[in-house]
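Biologist: I'm new to reading protein models and would love a close look at just one part. Could you pick a single strand and walk me through its surroundings?

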Amino acid sequence: MSYLPDSRVKAIVIHYSATSIERSYTAADIDAMHRARGFNEIGYHFFIRRDGTVETGRDLSQPGRFEVGAHSQGENSSSIGICYEGGVRAAAPNTGFDSRTPEQTAAMIRLIRELLQRFPGAIVRGHREMPGAATQCPGFTASTWWDEVMRNDAPAGQADTALNVKLLRWRLAEVRDRAMAALAANGDAAAMTAFLAEIRARITDRIGR
Ligand SMILES: [Zn+2]
């Protein structure tokens with residue numbers, strides 16, 4: 001086992017196990033496969049089962065240092081490897097695709113967020129995006145996927161704006177319904193004028209002019 005300081009980590013690399021989705025595999029199975037290929041243990045730091053269970057591989061339990069993995073040639077000493085179970089169908093074992101279940105995707109997002117707390121500034125990449133890698137793994141462009149996840153992750157300010165717009169819509173709908181009720185009752189012009197003034201006041205209050 002060899003360890004390096006956390007500060008060396010520049011990337012989180014996503015993989016698939018290239019195992020058929022028709023069968024289930026655990027981290028222990030992958031460990032056995034990697035040992036059979038001559039590694040001393042599973043090469044990834046994490047393995048995400050199809051049901052979203054996250055299993056651990058290479059050691060990250062020690063503060064300030066990580067066990068070097070064996071998953072992305074040339075970058076093992078500067079990256080953390082996450083592997084999701086699957087990636088191919090039994091009928092087409094050489095055709096990789098994004099076979100992540102919703103549970104796997106959710107677990108992957110949670111795990112990457114956690115890792116970014118520990119390794120701030122690390123980039124998220126798929127194995128096939130790494131320099132010199134000749135592989136389809138992990139079946140999708142992880143950098144683009146992660147950018148999308150981040151984009152949909154509205155910062156606090158944007159979330160507040162969205163909530164304000166929702167509240168304003170709700171209030172306007174309430175006023176509209178009351179105005180419609182007054183109109184339906186007897187077409188009361190004075191009541192309509194009062195409601196319109198109320199709408200005006202509420203909007204003015206919101207936009208400040
Ligand atoms: Zn890979």
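Which residues of β2 lie on one side of the strand and which on the other, and are they buried or exposed?

Modeller: Happy to! On one side of β2 sit Ala11, Val13 and His15, and on the other Ile12, Ile14 and Tyr16; all of them are buried, so both faces are covered. Before we go on, please keep in mind that this is a predicted model, where local features need pLDDT of at least 70 and side-chain atom pairs count only at pLDDT 80 or more, while totals for chains, interfaces and linings use all residues. Residues are numbered from 1 along each chain as its sequence is written.

Two terms will help. A residue is buried if 20 or more other C-beta atoms lie within 10 Å of its own, exposed if 12 or fewer, and partly exposed in between, with C-beta atoms placed from the backbone. Helices (H or I, at least four residues) and strands (E, at least two) are DSSP runs, numbered from the N terminus.

By that count, six of the six residues of β2 are buried. In the protein as a whole, buried residues make up 25% of the 209 residues. The protein has five helices and nine strands.

Now let's see what lies beside β2. An open sheet of five strands runs in the order β5-β4-β7-β2-β9, with mixed pairing; two strands pair if DSSP finds at least two bridges between them. The edges are taken by β5 (54-56) and β9 (123-126), each with a single partner strand, so one side of each has no neighbour in the sheet. From one strand to the next, the twist averages 25 degrees. In general, strands of a sheet pair through backbone hydrogen bonds, either parallel or antiparallel.

β2 has β7 as one partner: the two run parallel and are joined by six bridges. Ile14 stands opposite Ile82 of β7. β2 also pairs with β9, again in the parallel sense, over four bridges. There, Ala11 has Ile123 as its bridge partner.

Next come the helices that cover the sheet. α2 packs on it and touches β2, β4, β5, β7 and β9, and its direction makes about 165 degrees with that of β7. Such angles run from 0 to 180 degrees between N-to-C directions, and the axes are lines fitted to C-alpha atoms, for helices over the stretch in contact. Touching, or being in contact, is counted when the C-beta atoms of two residues, placed from the backbone, lie within 7 Å. The residues of α2 that are buried are Gln104, Ala107, Met108 and Ile112. Seen down the axis of α2, they fall within an arc of 135 degrees and therefore line one face of the helix; the arc is that of the directions from the helix axis to the C-beta atoms. These buried residues pack against β2, β4, β5, β7 and β9. Exposed on the other side of α2 are Pro102, Arg113, Glu114 and Gln117. A second helix, α3, lies across β2 and β9, running at about 135 degrees to β9.

All of this leads us inside the protein. The largest nonpolar core has 26 residues, and those with the most contacts inside it are Ile12, Phe47, Ile48, Ile82 and Cys83. Such a core is a set of buried Ala, Val, Leu, Ile, Met, Phe, Trp, Tyr and Cys residues joined through C-beta atoms within 7 Å. At least two residues of this core come from each of β2 (11-16), α1 (27-36), β4 (46-48), β7 (79-84), α2 (102-118) and α3 (142-152). β2 gives the most, with five residues. In soluble globular proteins, nonpolar side chains tend to be buried together.

Ile82 shows how these pieces meet. Not counting residues up to four places away in sequence, Ile82 touches Ile12, Ile14, His15, Tyr44, His45, Phe46, Ile48, Met108 and Leu111.

Finally, look just past the end of β2. Ala18 lies in the loop between β2 and β3 (19-20). This residue has a positive phi of about 60 degrees although it is not a glycine. Ala18 is partly exposed, with 18 other C-beta atoms within 10 Å, whereas the six residues of β2 are buried.
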